[in-house]
Amino acid sequence: MTTTVIPTEVAIVGAGPSGLLLAHLLAARGVASVVVEARSEEYVGSRIRAGILEHSTVDLLRRAGLGDRIAEVGDEHRGIYLQWPGERHHIDFQEHVGRSVWVYGQTEVQKDLVAAAHARGQEIHYEAADVAVHDVTSDRPAVTFTGADGTSYRLEARVLVGCDGSFGPSRAAVPDDVRQTWERVYPYSWLGVLADVAPSTDELIYAWHPDGFAMHSMRSASVSRLYLQVPNGTDVDTWSDDRIWDALATRLGHGENGWSLEPGPITEKSVLPMRSFVQTPMRHGNLFLAGDAAHIVPPTGAKGLNLAVADVGVLAPALAELVRGGDSRLADAYSDTALRRVWRCTHFSWWMTTMLHTAGDPFDAQLQLSQLRWVASSAAGAAGLAENYAGLDIGS
Ligand code: APR
Ligand code: PHB
C-alpha cells in the first residue's frame with residue numbers, strides 16, 4: 001500500500017482545545033502545522049465540558065483574535081458563592097485580587113477555534129485511524145495514520161505535539177524509564193445535568209452538604225448546568241429527573257434565606273469520575289505534551305481547559321523559536337515552566353474537591369466546615385481562593 005507523505009513544521013495529534021489553539025497560535029507566528037484527530041469535527045465540537053474561563057485565558061484568547069463571541073455571549077462573573085447548610089457567602093475575586101472569570105462553555109471555545117481554523121485553511125485530518133507517533137527523539141519525528149478515505153499518511157515534522165487527551169497515544173510514547181506519573185483517584189463522582197431553565201443564581205454556587213457536594217453553574221440566561229456528588233460506579237438511570245431536582249433542592253438550600261431553586265426540563269445527564277493525574281516531563285526529545293495528554297484535574301474549580309490554554313500559550317512561542325532554528329531555550333524550559341502551573345492547579349483543584357465533598361468521616365466533615373468558615377470570613381483565606389480560581393499569569 002502506498003503512503004502519502006506530508007511534510008510540515010509541527011504535527012499536532014488531537015483537535016480538542018489544546019490542539020486547535022496551538023495550531024492557531026503557531027499560524028499567527030507563521031509556523032505551519034497539520035492536525036490529526038481520531039473523531040469527527042461534529043463529535044469533538046459537541047462534547048459537554050466545563051464552562052469557566054480564567055482571566056488569563058480570556059486575555060490570551062482576545063490577543064489571539066478569538067475574543068469576539070466571549071464579549072458577545074460570555075458572562076463576566078466577579079466571584080462565586082461558597083455555602084454550607086444555613087449559610088451562603090460570596091467570595092468576590094474583584095475585591096480580593098482585581099480579577100474576574102467568564103462563563104463561556106468549552107463547546108463555544110471549540111466552535112471559535114474551528115471557525116478560525118476553517119478561515120485560515122488549517123489542514124486537519126478528522127476521523128483518522130491507527131494514529132501512531134514515531135522517532136520522537138530524532139530530528140524528523142513522524143505521525144502515521146489512516147485517513148477517513150482509507151489512505152495511509154505519514155506526517156513528517158520538525159516537532160510533534162501530543163494534544164490527544166487522556167486516551168491518546170502520545171503520553172505513552174515517552175518511555176517508561178523516562179516518564180513519571182502521579183495519580184489520585186477520588187472516592188466519588190459527579191452527576192452532571194444540563195437543564196433548559198434560567199439559572200436560579202447570578203454567580204456559581206459551590207455547596208457543601210452532609211448528603212454530598214452540589215453545584216449550580218450555568219451556560220446562558222436560559223440554560224443551567226448543575227452537579228451532584230454521587231458514589232463511584234453510579235448508574236445514571238437510577239437518577240430520575242425528580243430525584244435529581246429533589247437532591248439539588250436539599251443540597252443547594254432551596255427555601256433557606258428566601259432563596260429558591262427553579263427546576264426545569266433536563267436535556268442531558270451523565271456521570272463523571274474524578275481524578276488528578278500528572279505525567280512528567282512534558283517534553284521528550286521532539287515530542288511535547290499539552291493539555292489533558294499530560295495532566296487531568298477533577299472538575300471542581302474548572303481548571304482543565306484553562307490549564308490546556310496555559311500550556312499552549314507557553315508552548316507556541318517556544319516552538320516558533322525552535323523550528324526557526326533560533327533560540328531553543330524556551331523549548332528547553334517548556335516542561336518546567338508549564339509544570340509549575342500544572343502543579344499549582346492540581347493542588348487547587350484537589351483542595352477545592354476535598355474541602356467540598358463528603359466522604360463519610362465525621363472528623364473530616366468538621367475540618368471541612370472549619371476551613372470553609374475560614375475562607376468565607378478571612379480576607380487572607382478568600383484572597384487565596386480568589387487568586388487561584390481567577391488564575392495566575394500564564395508562564396508565571
Ligand atoms: N489520534 C488522534 N486524536 C486523538 C487520539 C488518537 N489516537 N486519541 C484521542 N484523540 C483526540 C480526542 O478525540 C480529542 O478530540 O484528542 C483530542 C483531545 O482533546 P481533549 O480531550 O479535549 O483535550 P485537550 O484538547 O487537552 O483539552 C483539555 O478538555 O478534557 C477537557 O477538562 C479538559 O477542558 C479540558 C480540555
Ligand atoms: C461547569 O459549568 O461545567 C463548571 C463550572 C465550574 C466548575 C466545574 C464545572 O468548577
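**Entry 1: a cis proline**

I started with P281, which sits in the loop between strand 18 (266-280) and strand 19 (283-284). I checked the bond leading into this residue: the peptide from T280 to P281 is cis, with omega near -5°. I keep in mind that this is a predicted model. In general, most peptide bonds are trans, and most residues other than glycine have a negative phi.

**Entry 2: positive phi outside glycine**

Next I looked up phi values. D130 is not a glycine, yet its phi is positive, about 50°. I placed D130 in strand 10 (residues 129-134). Is D130 buried or exposed? Its relative accessibility is 59%, so I list D130 as exposed.

I then turned to N257. This residue also is no glycine and has a positive phi of about 50°. I found N257 in the loop between helix 7 (241-252) and strand 18. N257 counts as exposed because its relative accessibility is 66%.

**Entry 3: helix 7**

I went back to the helix before that loop. Helix 7 has 12 residues, so at 1.5 Å a residue it should span 16 Å. I compared the end C-alpha atoms: they are 16 Å apart, which agrees. Which residues of helix 7 are buried? I noted I244, W245, A247, L248, A249, R251 and L252. An arginine, R251, is on that buried list. After helix 7 comes G253, with a positive phi near 85°.

**Entry 4: helix 1**

I ran the same checks on helix 1 (residues 17-28). Helix 1 has 12 residues and reaches 16 Å from first C-alpha to last, close to the 16 Å expected at 1.5 Å a residue. Burial came next. Of the 12 residues in helix 1, 10 are buried, so the rest of the structure largely encloses this helix. I listed them as P17, S18, G19, L20, L21, L22, A23, H24, L25 and L26. G30 follows helix 1, and its phi is positive, near 75°.

**Entry 5: helix 9 against helix 10**

Last, I looked at a helix pair. Helix 9 (residues 329-356) packs with helix 10 (residues 362-377) at an angle of about 120°, and their axes are 8 Å apart. That angle makes helix 9 oblique to helix 10. Which residues meet? From helix 9 I recorded W351, T354, M355 and L356. Their partners in helix 10 are Q368, Q371, L372 and V375. I sorted this contact by class: 5 residues are nonpolar, 3 are polar and none is charged.

Conventions
Residues numbered from 1 in each chain as written. Chains lettered and ligands numbered in written order. Predicted model: local features only at pLDDT ≥ 70, side-chain atom pairs only at ≥ 80, totals over all residues. Heavy atoms only, no water. Axes fitted to C-alpha atoms, helices over the stretch in contact; angles between N-to-C directions. Helix = DSSP H or I, 4+ residues; strand = E, 2+ residues; numbered from the N terminus. Parallel < 35°, antiparallel > 145°, perpendicular 65-115°, else oblique. Contact = heavy atoms within 4.5 Å. Nonpolar A, V, L, I, M, F, W, Y, C, P; charged D, E, K, R; others polar. Buried < 20%, exposed > 50% of the residue type's maximum accessible area, 1.4 Å probe, protein only. Expected span 1.5 Å × (residues − 1).
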